Amino acid sequence: MSPVKSFGERIADALVEDGLLTTQQVEELLEQQKREGTRFIKLVVEKSHVSEQDLTVSMGRVLNVPPINLARLSIAPEVADLLPREILQNHKVLPVSRLENKLFLAMADPLNVLAVDDVKRITKLEVSTLIASEKAIMDKLNNQDAAKGGRMEDIILDAQKRNDEEEIETVKETTEDVNLDQLAAAGEEAPVIKLANIILVQAIKDRASDIHIEPFEKGLRLRYRIDGVLADATPPPKTMQLALASRFKIMSSLDIAERRLPQDGRMRVKVGGKDFDLRVSVMPTVHGEKIVLRVLDKSNLSASLDKLGLDPETFRQFKIAVDAPHGLILVTGPTGSGKTTTLYSALNELNNPIFNIVTVEDPVEFQIPGINQVPVKKEIGLTFANALRSILRQDPDIIMIGEIRDTETAEIAIEAALTGHQVLSTMHCNDAAGAIARLDDMGIAPFLISSSVILSCAQRLMRRICSHCKEPVTYPQQMYEDLNIEASQFDDVTLYRGRGCDRCKNSGYVGRLAIIEAMTASDEIRKLIISRTNSRELSKVAISQGMKTLRMAALSRARDGVSTLEQVLLLTSGH
């Protein structure tokens, strides 16, 4: 009895029968599929052996699903509007025609039963599937959008029909006198309110950390930063630029009449009964005001250090430092590497009525009950240094400094650590040992650094493989050479990657995890600090004492099947 052939092998046979591929080409592609773990169909398209239309016809024959050419097909508006744009885009489907109780549906993947179930549930119709290429479906969708005069107008009309469950509630909004101000009036019109709501709701649904609304000469650009990567979204129409800017200014208590100077504000919205804080930044450009909104989701904060997902040894070092009665803990890394979130997790661990905990931040990102949080206001002279001086007169036990940026702040932080306070802060450095060198560069005496710093960390955020499309992968030798590691250390390990699916928007990743390099100030490290040993030598000694570098921590995550070697290379190429 012959073994059952895989779907890829059946497609390969069909392509040979149709004269589109030779037997040798098929053997080479199947060998590459086994070696790289890539889908056979994707390889065929990438190698340009077969056109997408011809491939669709052969796939239809194998699956016994009729192919359809969408290029010249005219779809009735009442049929095109049967399904929301989001469903069409996510599932790569397109309603083609309707005959009484039956809907004919073009699909890029007719085997996607979840898509068929969603369409049945929404339309309450029986579904008859047809097959078309993904490119043909997306091209047809974009053409339909263009015919409607732009996507966002259609979304606005659709939003007016939606239920209240997708509405957002502004918790606090200014009471401007808008009667005499045309901009404010435009910002209060129903379509603009709906448009602003849609942008915010979509960002929260997609787990975006930032929303970018950028003006250009002939249009607007809307982008969401998801898991650290910016991605384009359906842009609002250029005609609504001023009204949309006014709406976000009203929501965040900013001056809607001021369009020449940068402004910073804050708003709180409620989506699905859950509160979200948003930090708003408005900056004038040559074509209007660019708006960036930072979404601050308190649910991202870990209730304690053990929820950060650190490896056992790094967690042990971090826990010892946090539980110490006094000293300076530094967390370093580039912007957006999760430093502040890690410090907040440490504060949550320490948050106890027996401690007086005070923070000074620029700005206060998350408001935590039981902790006194001071926002920096440079325009009135409330700097990090000035705020710290006042805090030290408030009988604090634990102090968190948003960032050590200058010598004055560093001096006060170290003085506080030496006088019996626990101090937590962030710095912009590449690695744990670099923080020591940075303090030295600021003019802090080495003996003060060695006496005050108890733990220095470097942190990055590593993208997590999507669990729904996770598949084994074999990397070429070049990848190991780029990482400067031996491929043999992965001989008994299965490495994974995300193939890309609807749930991860074809990125292969969902969410991020922290990788941390923690250097404890041991007696030997303190001696080296006093003798002004360079950061490279400090790192070598720390590694010999058990420190896991960022590279080691990242490779460990790839070995565990949580992330990929591409992420290791991206995050630790300089380490």
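**Exercise 1.** What area does the chain expose, and what share of it do carbon and sulfur atoms supply?

*Solution.* The model is predicted: local features need pLDDT of at least 70, side-chain atom pairs count only at pLDDT 80 or more, and totals for chains, interfaces and linings use all residues. Residues are numbered from 1 along each chain as its sequence is written, and side-chain values use heavy atoms, with hydrogens and water left out. By the Shrake-Rupley method with a 1.4 Å probe, the chain exposes about 28400 Å². Carbon and sulfur atoms supply 49% of that area.

**Exercise 2.** Classify the aromatic pair that a search of the whole structure finds.

*Solution.* Step 1: rings of Phe, Tyr and Trp (its six-membered ring) pair if their centres lie within 6.5 Å; planes under 30 degrees apart count as stacked, over 60 as edge-to-face and the rest as tilted. Step 2: the search finds one pair. Tyrosine 480 and phenylalanine 490 lie 5.9 Å centre to centre with 40° between the planes, so the pair is tilted. Step 3: both residues are buried (under 20% relative accessible area, 1.4 Å probe, protein chains only).

**Exercise 3.** Find which strands stand at the edges of the sheet E1-E2-E3.

*Solution.* Step 1: strands are DSSP runs (E, at least two residues), and two of them pair if DSSP finds at least two bridges between them. Step 2: the sheet is open, with mixed pairing. E1 (93-99) and E3 (126-131) each have a single partner strand, so they stand at the edges. Step 3: E2 (residues 102-107) pairs with E3 in the parallel sense over six bridges; valine 127 in E3 is the bridge partner of leucine 103.

How values were computed. Buried means under 20% relative accessible area, exposed over 50%, partly exposed in between (1.4 Å probe, protein chains only). Helices (H or I, at least four residues) and strands (E, at least two) are DSSP runs, numbered from the N terminus.
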